[in-house]
Amino acid sequence: MPVAGTVAQTDLPSVIPGPPQVVIGGLLVVLLGIAGWFVFARLLRSPGERFAAVIGDYNEIAIVMHPNPDPDAMACALATQLIADRRDTDATIYYSGQIRHHENRAFETVLDVDFECIESADEIEENDIVLVDHNEARGFEGGETTEPVAVVDHHPGEGTGERFTDIRPVNGACATIFSEYFDNLGYETVDPDRYEHNGFGGDTIPPRIATGLIYGIQSDTKHLTNGCSSDEFTAASFLYNGIDEDKLDRIANPDMDAESLEVKAEAITDREVRGPFAISDVGSISNIDAIPQAADELRRLEGINAVVVLGDVDNRIKLSGRSKDDRVHMGKVLETAVSEVPMADGGGHARMGGGQIPIDHMHGLGPGEGLTRDELVERLFDAMNGEL
Ligand SMILES: [Mn+2]
């Protein structure tokens, strides 16, 4: 009997339908359900929400723009800084190279922004890096070994962020992507006049940032005429109310220094035209930006399909070429034309290119034959005609 009693006792839990098992089983189902829902909800989050969540995980981040940043890169850096600020993350913006071209400098001045210029990765104080408008860090010492935590870009490429990557080559500007992020996050634009009088809440986009983003889109898409998707128009419409027209005008049409205008005038007056091609030598100048600006202007002349402007700066001949003729690959033209001169370089894309020749080496160096200035012009014409 005692034996049977013992058996009965030990059997007891399994004989009576065990409430603990049911409860535990039920709890497991509920917990799994909640976990599943969380995973599902995370997957469903918009790119803007995921980007903001990643940024918000850090106390401080470095936002890195590509070398010689353009308005699109600058606008995206400002947008990232705003998202960081709203999550109490300190963000510093860095770039390498220079902020050149008068529109780029006007962007920096009119929007009153503060960027740190670096030459090496050691100068970046924060441990965690976000790349905007490019997907692989370059242009500064140690750039190649940088492993960013997040990457947002519209250029094709292999670069990725450790925790977040959003690369959309279909878009004409990276600022388009950031406009969508703001929309994702429920941010709203605010009329610049109202903003000045009433300040702003935590979900508004300051007009200077909306203005920067629209100019980023405009300048990367030739004012919405080139390389656009419908996303650029959606972004423009989203930003519209928050645009400060006065600031936008000052960025888009900055005052030009007298020398740039004079160089443009000289490039046009002294042009040498052969068929659809023009070359202009503007001589010695001090503002290096004036050469590409003059090339842009010369290319707009009726009947001219490809141009090269050359001028002397700092003991070098600088070349800037433009082409709207599919038969003239400007990068290759410049590369071929300067190939005879030691230490010279030339190259670029089909429609635009640049180059430089040390004036001392025009006469040749070592085995190099060198060439005269007139020969250089002849070589440029020959290259444009496909005769080199
Ligand atoms: Mn861009």
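**View 1. Tyr95 sits in strand β2, which covers residues 90-95.** Everything here comes from a predicted model. Is Tyr95 buried or exposed? Its relative accessible area is 10%, and that is under the 20% cut-off, so Tyr95 counts as buried. Who are its neighbours? Leaving aside residues up to four places away in sequence, Tyr95 touches Met65, His66, Pro69, Phe115, Glu116, Cys117 and Ile118. Ile214 is another residue to look for in this view: 119 residues separate Tyr95 and Ile214 along the chain, and their C-alpha atoms are 21 Å apart.

**View 2. Here is the manganese ion with the residues that hold on to it.** Which residues coordinate the manganese ion? They are Asp72, Asp133 and Asp220, each through OD, plus His154 through NE2, at 2.1 to 2.4 Å. If you walk along the chain, the donors follow the spacing D-x60-D-x20-H-x65-D. Take Asp72 and His154 as a pair: they link distant parts of the chain, 82 residues apart. Asp72 belongs to helix α4 (residues 71-86), while His154 is in the loop between β5 (150-153) and β6 (164-167). How much of each can be reached from outside? Asp72 has 0% relative accessibility, so it counts as buried. His154 has 7%, so this residue counts as buried too.

**View 3. Asn68 is a loop residue with a positive phi.** Where is Asn68? Look in the loop between β1 (60-64) and α4. Its phi is near 50 degrees, and Asn68 is not a glycine. Why point that out? Most residues other than glycine have a negative phi. As for its surroundings, Asn68 has a relative accessible area of 43%, so it is partly exposed.

**View 4. Asp314 also has a positive phi, of about 50 degrees.** Again, this residue is not a glycine. You'll find Asp314 in the loop between β11 (306-313) and β12 (316-323). Is Asp314 buried or exposed? With 70% relative accessibility, over the 50% cut-off, Asp314 counts as exposed.

**View 5. Gln21 is part of helix α2, which runs over residues 19-44.** Its relative accessibility is 57%, so Gln21 counts as exposed. How far is Gln21 from Asp90? Their C-alpha atoms are separated by 50 Å, and the two residues are 69 apart along the chain. Asp90 should ring a bell, as strand β2 covers residues 90-95.

**View 6. Zooming out, the protein chain has 14 helices and 14 strands.** How spread out is the protein chain? Its radius of gyration is 30 Å, whereas the globule rule gives 21 Å for 388 residues, so the chain is more spread out than a compact globule. Along its principal axes, the C-alpha trace spans about 120 × 60 × 40 Å. Of the 388 residues, 46% are buried. Now count the contacts with a separation of 6 or more: 61% of them are between residues 24 or more positions apart. The accessible surface of the chain is about 20100 Å², and carbon and sulfur atoms account for 50% of that. What about charge? There are 29 positive and 69 negative side chains, with the centres of the two sets 5 Å apart.

How values were computed
Residues are numbered from 1 along each chain as its sequence is written. This is a predicted model: local features need pLDDT of at least 70, side-chain atom pairs count only at pLDDT 80 or more; totals for chains, interfaces and linings use all residues. Side-chain values use heavy atoms; hydrogens and water are left out. Helices (H or I, at least four residues) and strands (E, at least two) are DSSP runs, numbered from the N terminus. The radius of gyration is taken over C-alpha atoms; the globule rule is 2.2 Å times the number of residues to the power 0.38. Buried means under 20% relative accessible area, exposed over 50%, partly exposed in between (1.4 Å probe, protein chains only). Contact means heavy atoms within 4.5 Å. Accessible areas come from the Shrake-Rupley method with a 1.4 Å probe; for residues, only the protein chains shown count as cover. Lys and Arg count as positive and Asp and Glu as negative; His and the chain ends are not counted. The place of a charge is taken as NZ of Lys, CZ of Arg, CG of Asp or CD of Glu. Donors are N, O and S atoms within 2.8 Å of the metal (3.2 Å for Na, K and Ca); water is not among the atoms, so sites may look incomplete.
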